[in-house]
Amino acid sequence: MSINSVSFSFGNVAGTHLSEETKKKLIALGIDPSTVTSEAQAKALITNAEIKQQTVSKSKKTESKTVCTSESEVMTKAKRLAQKAGIKISSTGTIDSILQDLSDKINSLPEKSSEDKISENKKEQYKNELDTIQNEYNAIKQTQNSVYTMLNMTANVNKYMLGL
């Protein structure tokens, strides 16, 4: 038996441990099937890759709607709205608490009679601006959560690959 036939035999043994369906899924996800040593490892890699793809696709959908890029910009917009509406808010509070305070205070602004259209329009304008700020903040939080999810998934894959 020559060296070539031995390496060929090992190649066949290594190549037959995965089902055809698993090999196709790995290839479709951009994973080289020859680097996988077992069916269980392949399934774990497939699951993690699919989760990552879903997370990335959700992030892409969110990114197209995101106007603000940071929490500090949202905080600045919220403080500007409070100042414009004449509402006092805590300057040291969290964004969540400031947005909640703004929402409560804007909703509690007195309703004016139908003759006073200017006040009604301002209240509606403040509500719309607050909704925009809250949507931007929610998009930022969703993006942050996507990043944390991907980091957690990467850590789990590393643990699995290292056998921890």
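# Exercises on a helical chain

R80 and Q83 are exposed, on the other side of helix α4 from its buried residues. The model is predicted. Keep α4 in view for the first exercise.

## Exercise 1. Faces of α4

Work out which residues of α4 are buried, and how they are arranged around the axis.

**Solution.**
- Step 1. Locate the helix. α4 runs over residues 71-85, which makes 15 residues.
- Step 2. Check its length. From first C-alpha to last, α4 reaches 21 Å, close to the 21 Å expected at 1.5 Å a residue.
- Step 3. Apply the cut-off: buried means under 20% relative accessible area. V74, M75, A78, L81, A82 and A85 pass as the buried residues of α4.
- Step 4. Look down the axis. The buried set spans an arc of only 125°, so these residues sit on the same side of α4.
- Step 5. Turn to the other side. There R80 and Q83 are exposed.
- Step 6. Move past the end. G86 follows α4 and has a positive phi, near 75°.

## Exercise 2. The nonpolar cores

Find the residues with the most contacts inside the largest nonpolar core, and the helix that gives this core its largest share.

**Solution.**
- Step 1. Take the core as a whole. The largest one has 17 residues.
- Step 2. Rank by contacts inside it. L81, L99 and L102 have the most.
- Step 3. Sort by helix. At least two core residues come from each of α4, α5 (95-107) and α6 (117-162).
- Step 4. Pick the main supplier. α4 gives the largest share, 6 residues.
- Step 5. Zoom in on L102. Setting aside neighbours within four places in sequence, L102 contacts A78, L81, A82, I87, I89 and L130.
- Step 6. Look for another core. A second, separate one has 8 residues, including A42, L45, I46 and A49.
- Step 7. Set this against the general pattern. In soluble globular proteins, nonpolar side chains tend to be buried together.

## Exercise 3. The buried face of α5

Do the buried residues of α5 line one face or scatter around the helix?

**Solution.**
- Step 1. Check the geometry. The 13 residues of α5 should span 18 Å at 1.5 Å a residue, and the end C-alpha atoms are indeed 18 Å apart.
- Step 2. List the buried residues. In α5 these are I95, I98, L99, L102, S103 and I106.
- Step 3. Read the arc. The buried residues of α5 fall within 135° seen down the axis, so they line one face.
- Step 4. Connect to the core. L99 and L102, both buried in α5, are among the residues with the most contacts inside the largest nonpolar core.

## Exercise 4. Salt bridges across the chain

Which parts of the chain does the pair E129 and K84 link? Treat D96 and K141 in the same way.

**Solution.**
- Step 1. Start from the total. The whole structure holds 5 salt bridges.
- Step 2. Take E129 and K84. Their closest N and O atoms are 2.7 Å apart.
- Step 3. Place them. E129 lies in helix α6 and K84 in helix α4, 45 residues apart, so this pair joins distant parts of the chain.
- Step 4. Check exposure. E129 is partly exposed at 24% relative accessible area. K84 is also partly exposed, at 45%.
- Step 5. Take D96 and K141. Their side chains meet at 3.9 Å, N to O.
- Step 6. Place them. D96 is in helix α5 and K141 in helix α6, 45 residues apart, again linking distant parts of the chain.
- Step 7. Check exposure. D96 is partly exposed at 43%, and K141 is partly exposed at 31%.

## Exercise 5. A salt bridge inside α2

Explain why K23 and E20 are separated by about one helical turn, then place both on the helix.

**Solution.**
- Step 1. Confirm the bridge. The closest N and O atoms of K23 and E20 are 3.8 Å apart.
- Step 2. Count positions. The two are 3 residues apart in α2 (residues 20-28), which means about one helical turn.
- Step 3. Find the buried side. T22, K23 and L26 are the buried residues of α2. Their arc is 100°, so they line one face.
- Step 4. Find the other side. E20, E21, K24 and A28 are exposed there.
- Step 5. Put the pair together. K23 is buried, whereas E20 is exposed.
- Step 6. Step off the helix. Just after α2, G30 takes a positive phi of about 85°.

## Exercise 6. The whole chain

Give the secondary structure and the buried share of the chain.

**Solution.**
- Step 1. Count elements. There are 6 helices and 0 strands.
- Step 2. Count buried residues. Of 164 residues, 24% are buried.
- Step 3. Gauge the surface. About 11,200 Å² is exposed, with 54% of it from carbon and sulfur atoms.
- Step 4. Weigh the contacts. Among those with a separation of 6 or more, 48% join residues 24 or more positions apart.

How values were computed: Residues numbered from 1 in each chain as written. Predicted model: local features only at pLDDT ≥ 70, side-chain atom pairs only at ≥ 80, totals over all residues. Heavy atoms only, no water. Helix = DSSP H or I, 4+ residues; strand = E, 2+ residues; numbered from the N terminus. Expected span 1.5 Å × (residues − 1). Buried < 20%, exposed > 50% of the residue type's maximum accessible area, 1.4 Å probe, protein only. Arc of directions from axis to C-beta. Core = buried A, V, L, I, M, F, W, Y, C linked by side-chain atoms within 4.5 Å. Contact = heavy atoms within 4.5 Å. Salt bridge = Lys/Arg side-chain N within 4 Å of Asp/Glu carboxyl O. Areas by Shrake-Rupley, 256 points an atom, 1.4 Å probe, with all protein chains shown as cover.
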